[in-house]
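Work through the exercises below with the sequence and the structure open. Each task is followed by a solution in steps.

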Amino acid sequence: MDLPVFHLDVLNNRMLIAIIAVLHVVINHAMAVGGIPLVSYLERRGVRTGDDAWDKLAFRLLTVFFVITTTVGALTGVGIWFSTSLVNPYAMGSLLRVFFWTWFTEWLVFVTEVVLILAYYLTWKKWTGPRKRAHARMGVVLSIASWATMALIVSILSFMMDPGSWQSNRTLFSGMFNPVYLPQLAFRTPLAMVMAGAFGLAIAVGATDAGTELRTNAVRTLSRWILAWILPCAAGGIWYAHAVPSAMASNLAVALLTQALEGWSRTALGVLAAVSAAIALLALWGAVRPNEVHTWALIAPAFLAVLLIGTFERVREFIRKPYTIAGYMYANGIRKDDYPMLQRDGLLAHATYTSVRRITPENEVDAGREVFALACTRCHTTDGVNGIRDVLTTLYGPDKPWDRDAIGAYVGAMHTTRPFMPPFPGSELEKRALAAYLVHLQDHREPLEGAQVTGVRVER
Amino acid sequence: MSPDPTPVPRDIPLPLPVNGHALELLLIAAFIAHILFVNLMVGGSILVLAFEIRGAKNPDYDRLARALASTVTVNKSLAVVLGVAPLLLLNLLYTIHFYTANTLTGTAWILLIPTIATTFLLLYLHKYTWDRLRDLKWLHIGIQAMAVVLFLFIPLVFLTNVNLMMFPEHWTNVRGFLSALVLPNVFPRYFHFLCASLILTSLFGVGYFGRAKYPVEETFQALTRPQIRRAFYTVAFGVSLAQFIVGPLVLFTLPSKGLSGAVLSAIAMGALLAIPAIWMMWKDLSLPEPDGKRLPFIAGCLSLTVLCMATGRHVYRGVALAEHRQAMRLATERWAEESAQAAYEQTLGRERAAQGVTQGQALFQSTCSACHGVDRRVVGPPLTEIARIYADNPDGIVTWARAPGKKRVDYPQMPAFASLGDPKLRAIAAYMLQTGASKTAP
């Protein structure tokens, strides 16, 4: 509405966020939140047993974690911010106003975390002898800092699913401690530990020699580590899955949506359960017969863990629809409260950047394109991922000409049959213009470029 | 074709979490902390490359490059983490301006993420292959050269964005990153930044390698501590002199709309504070064996210079954006009022509909019924008469109500109701015709 529209017509905006975010979460969970406690545990084990091999293994794991978290990990974290504020600046801008202090605190913890991991890594070989215990303690403090950054950010993710009492009292505290927060944290924490164990196993394949005692010990220990966290992970997952649909249902009156959500959460739960079971079985193999485990079985849990978290993040993003901040802002970046005005006057009447202000029979297709850019492109492309031509072809067939009136009527009612769609935010005239543009797309393959390519126009 | 007007977007309709001025002070402080480590990272990478190339002839310089490289990887981690706070504050204080600039240069902006990550990975690759690639020295130097090339590009994108955000009047002319790059002041500021990076890193080198605890004798074959100090001081001194050419260039290419007495005095103060620092560098360089005793004084002066420049830069942004932000504030307030009114009317409409009252009837009661009765004259003609005149022509009523004339001598002139808006006038007209006709009908 008020900002130029960034749009990727092939990749899709949401896919851009997904790629960056999933990569970040994999690195953050496996190599920081779960990874540092794992390294710290192995280091202490070395101190306790006096066996230097544990120390070497711990340091090799840490080296991989350190290099990846301080490069791709740190940058994808900032990248989530960059991409979400490009794709949905209103949601990001709103969250910043509500959660400034959370983010600021998270930054302080993050600085602590980075300083500590630098110190922890760089002093590993220097703090020997009596100082080794102090070094091991530093690992514990670092583990707490790594967890705390996640614990703070998860409150914002949960808020987007269900702002809880923030809707009425607008305080930071009520926003942070929303109904989904603790269940989500209870799930992510053990999940991170499981992921760290899975990644640890994969790295151990390269960091130890097959057939050695160190390999056997490493496989047994890491497998036991995974097994220890699997049950809390499943319990947290179930709590979380129960917290989500009921909380969403209380925000949304449409009964269909609840059904759809239940369907989704069951599917998601099924996938999560199957993958968790596979990881658990492989870990069980490693724990019981550590010297007989095939190499593939040591690498597989890491891949399964990525699959697990990728699916989970996808489901989480999906069930939040049609909202980006539940009950407050739709996925198209428009506040729920602004709908009456926009539906009365039209999106174009209030848009800052548009090449069409008044719709006439001559400029209908152009007006429809502007409406599409404003209202639909946060999720849809023309021909790329989630392309609108594909959607319409499925609905109306490829051969006979699409019916403009039918499409117009559908646009007005789609949120009742497709509960993840926000209601159409524009006027009746704009609905007709949008339908004209969509029909025009049937025999015009024309990509829609974002403002990063075309720039912007301001029509008086 | 007339140029597009300056866009006046609306702000996020939620209050700032804390006083704006406190946030601005925090922004200046956080930005200085961030930029210092960015300077050390970029300047350090350039010097590592230069020393390593020189190291092909003099192995001591290869060792110096290696020692400096190990500080760069630490500084780069701090540069990123300390960048989060200024980014957070900039996002919060200048949400719309910053996001608009980000979008208009969107492709370059989002490519920063993989580019910076790649650069960092190259730095690690370079650092950890120093021995392994000893026989493939040019490949090793090539890795660092690639990192340096990327480091030279990255600040340009940031600078383009923070520059673009200050000039809403240029937004409609921007077509991607390259066109935003040619706006005034970007390149002078870029060179100013590069010079600052080299000065800061060189002075850091004087202190880091020149301190008594650094194992110079064990690390180098021929290089002595004073020689290392001289090498770094020479770079710092030379580039500082260059900065006195680049600095004024930055000032002269700065669009005048943000200049004010406060901005100019902050910049002038910063420049003045740099003079004694450079003088002291010269004094140290004049010694046969530079002892580095003047370094704290130099560092103190230049820290104040940085503070002045960062403050000046911030005040400039405030002045440059003041008018536009004021216009935005009004637009945002207007929007909020209109939106609330529309939401209220929609609710009211639903309630009326539930009671069997149309919008037209409700509007007629509140707006027209003081003068118009249903079947008898109050002030103006009754609905029965209106329905006869305008039967099948509701638009005629709308046109009349927008700009009424005077038709009847014995009636007072009706006031105009254009401000109600056509949709409401149409609803009233429909009610008038329906009610008037139903009362006339037998």
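The exercises that follow concern a predicted model.

**Exercise 1. Helix packing in chain B**

Task: Describe how the axes of helix H1 and helix H11 of chain B cross, and state which residues make the contact.

Solution:
- Step 1. Locate the two helices: H1 covers residues 20-54 of chain B, and H11 covers residues 295-354 of chain B.
- Step 2. Take the axes. They come within 10 Å and cross at roughly 135°.
- Step 3. Classify the angle. Over 145 degrees would count as roughly antiparallel, and 65 to 115 as roughly perpendicular. The crossing angle is roughly 135°, so H1(B) is oblique to H11(B).
- Step 4. Assign the hand: the crossing of H1(B) and H11(B) is right-handed.
- Step 5. List the contact residues. H1(B) contributes Glu24(B), Leu27(B), Ile28(B), Phe31(B) and Ile32(B). From H11(B) come Val306(B), Leu307(B), Ala310(B), Thr311(B), Arg313(B), His314(B) and Arg317(B).
- Step 6. Sort them by class: the contact of H1(B) with H11(B) has seven nonpolar, two polar and three charged residues.

**Exercise 2. Annotated transmembrane regions**

Task: For selected spans that UniProt annotates as "transmembrane region", find the helix content and the distance between the end C-alpha atoms in chain A and in chain B.

Solution:
- Step 1. Read the record for chain A. The unreviewed UniProt entry places this feature at several spans, including residues 103-124 and 295-312.
- Step 2. Check residues 103-124 of chain A: the span is 91% helix and 0% strand, with its end C-alpha atoms 30 Å apart.
- Step 3. Check residues 295-312 of chain A: here the figures are 100% helix and 0% strand, and the end C-alpha atoms lie 27 Å apart.
- Step 4. Turn to chain B, where the unreviewed UniProt entry lists residues 25-51 and 231-252 among its transmembrane regions.
- Step 5. Residues 25-51 of chain B are 100% helix and 0% strand, and their end C-alpha atoms are 38 Å apart. Residues 231-252 of chain B are also 100% helix and 0% strand, with 32 Å between the end C-alpha atoms.

**Exercise 3. Domains of chain A**

Task: Which domains does the domain assignment give for chain A, and how many residues does each bring to their contact?

Solution:
- Step 1. The domain assignment gives domain 1 (13-330) and domain 2 (336-454) of chain A.
- Step 2. Their C-alpha centres lie 38 Å apart.
- Step 3. The contact takes 16 residues from domain 1 of chain A and 12 residues from domain 2 of chain A.
- Step 4. Add the annotation: the unreviewed UniProt entry places "domain: Cytochrome c" at residues 363-442 of chain A.
- Step 5. That span is 62% helix and 0% strand, and its end C-alpha atoms are 18 Å apart.

Terms used
Residues are numbered from 1 along each chain as its sequence is written. Chains are lettered from A and ligands numbered from 1 in the order in which they are written. This is a predicted model: local features need pLDDT of at least 70, side-chain atom pairs count only at pLDDT 80 or more; totals for chains, interfaces and linings use all residues. Side-chain values use heavy atoms; hydrogens and water are left out. Axes are lines fitted to C-alpha atoms, for helices over the stretch in contact, and angles run from 0 to 180 degrees between N-to-C directions. Helices (H or I, at least four residues) and strands (E, at least two) are DSSP runs, numbered from the N terminus. Angles under 35 degrees count as roughly parallel, over 145 as roughly antiparallel, 65 to 115 as roughly perpendicular and the rest as oblique. A crossing is left-handed if the near helix is turned anticlockwise from the far one by less than a right angle, and right-handed if clockwise. Contact means heavy atoms within 4.5 Å. Ala, Val, Leu, Ile, Met, Phe, Trp, Tyr, Cys and Pro count as nonpolar, Asp, Glu, Lys and Arg as charged, and the others, Gly among them, as polar. UniProt positions are given in the numbering used here, feature names are shortened, and annotations may be inferred rather than shown by experiment. Domain bounds come from an automatic or database domain assignment.
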